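The following note is offered to a colleague who is meeting this structure for the first time. Please read the numbered points with the sequence and the model at hand.

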Amino acid sequence: MNSENLNRTIEGATVQGPTDDSDNTAITNEKLLSFSSCPEEFKLFIEDTSLEKLVYWKLHNLFEKFDEDSPNDILKTVLAHVERPLFALVLKKTKGNQSKAADVLGCNRNTLHRKLKEFSIEPRDLRRALRNSERSSTKSTFNARLEENTVEARQ
């Protein structure tokens, strides 16, 4: 199996976010950086299951899709699919502070920059996702206050 087929197979087996459940396309950086927490219906299962088991099951399903032709560079490809969301999530959690992100990841800033470039994660994508997140948070807070005031006014 060549590298291109392996990438397509892994992308099809990659855990997708809530808005990507219906397709097997790669997650865009904007979607990756703007994902919120896990959907409610999966939270209990995920919290009660170790990361190692989740990864094992996902990889097991991936290997079942392979025919007798063994893949090339599977370690590199699988690590890229794990590292990309890891780096994006840490960067998001540190609000784009790359020094903090490097500390959390246990790598130096040069490694962080190299990985971000490798995964095509641009700081502007992160800034856009953070702005959109803040807007939706502000909008949710505003709507909650508006609803509270409406209820109080009716009483």
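1. Glu-83, Lys-115 and Glu-118 are joined in a network of salt bridges. The model in which this network appears is a predicted one. The structure as a whole holds 3 salt bridges, and the points below take up each pair in turn. As general background, side chains of opposite charge can pair when their charged atoms come close.

2. Within the network, the side chains of Glu-83 and Lys-115 meet at 2.8 Å, N to O. Glu-83 belongs to helix α5 (residues 74-93) and Lys-115 to helix α7 (residues 109-118), so this salt bridge ties together parts that are 32 residues apart in sequence. Lys-115 has a relative accessibility of 12% and therefore counts as buried, the cut-off being under 20%.

3. Lys-115 also meets the side chain of Glu-118 in a salt bridge, here at 3.8 Å, N to O. Both residues lie in helix α7, and because they are 3 residues apart, about one helical turn separates them. Glu-118 is partly exposed, with a relative accessible area of 45%, whereas Lys-115 is buried.

4. How do the two helices that carry the network pack? Helices α5 and α7 pack at an angle of about 120°, and their axes are 10 Å apart. That angle makes α5 oblique to α7, since 65 to 115 degrees would count as roughly perpendicular and over 145 as roughly antiparallel. The crossing of α5 and α7 is left-handed.

5. Which residues make this contact? On the α5 side they are Glu-83, Phe-87 and Leu-91, and on the α7 side Leu-112, Lys-115 and Leu-116. By class, the contact of α5 with α7 comprises 4 nonpolar residues, 2 charged residues and no polar ones. Glu-83 and Lys-115, which take part in the contact, are also the partners in the salt bridge of point 2.

6. A further salt bridge pairs the side chains of Glu-40 and Lys-43, at 3.2 Å, N to O. These two residues are 3 residues apart in helix α3 (residues 40-48), which means that about one helical turn separates them. Glu-40 is exposed, with a relative accessible area of 61%, while Lys-43 is partly exposed at 25%.

7. Gln-98 deserves a look as well; this residue is placed in helix α6 (residues 98-105). Is Gln-98 buried or exposed? Its relative accessible area is 15%, so Gln-98 is buried. Leaving aside its neighbours within four places in sequence, Gln-98 is in contact with Leu-91, Arg-109, Leu-112, His-113, Leu-116 and Pro-123. Among these partners, Leu-91, Leu-112 and Leu-116 also belong to the contact of α5 with α7.

8. Two loop residues should be checked for their backbone angles. Lys-95 lies in the loop between α5 and α6, and its phi is near 55°, a positive value in a residue other than glycine. Lys-95 counts as exposed, at 67% relative accessibility.

9. Ser-120 likewise has a phi near 55°, a positive value in a residue other than glycine. Ser-120 is found in the loop between α7 and α8 (123-154), and with a relative accessible area of 42% it is partly exposed.

Notes:
Residues numbered from 1 in each chain as written. Predicted model: local features only at pLDDT ≥ 70, side-chain atom pairs only at ≥ 80, totals over all residues. Heavy atoms only, no water. Salt bridge = Lys/Arg side-chain N within 4 Å of Asp/Glu carboxyl O. Helix = DSSP H or I, 4+ residues; strand = E, 2+ residues; numbered from the N terminus. Buried < 20%, exposed > 50% of the residue type's maximum accessible area, 1.4 Å probe, protein only. Axes fitted to C-alpha atoms, helices over the stretch in contact; angles between N-to-C directions. Parallel < 35°, antiparallel > 145°, perpendicular 65-115°, else oblique. Left-handed = near helix turned anticlockwise from the far one by under 90°. Contact = heavy atoms within 4.5 Å. Nonpolar A, V, L, I, M, F, W, Y, C, P; charged D, E, K, R; others polar.
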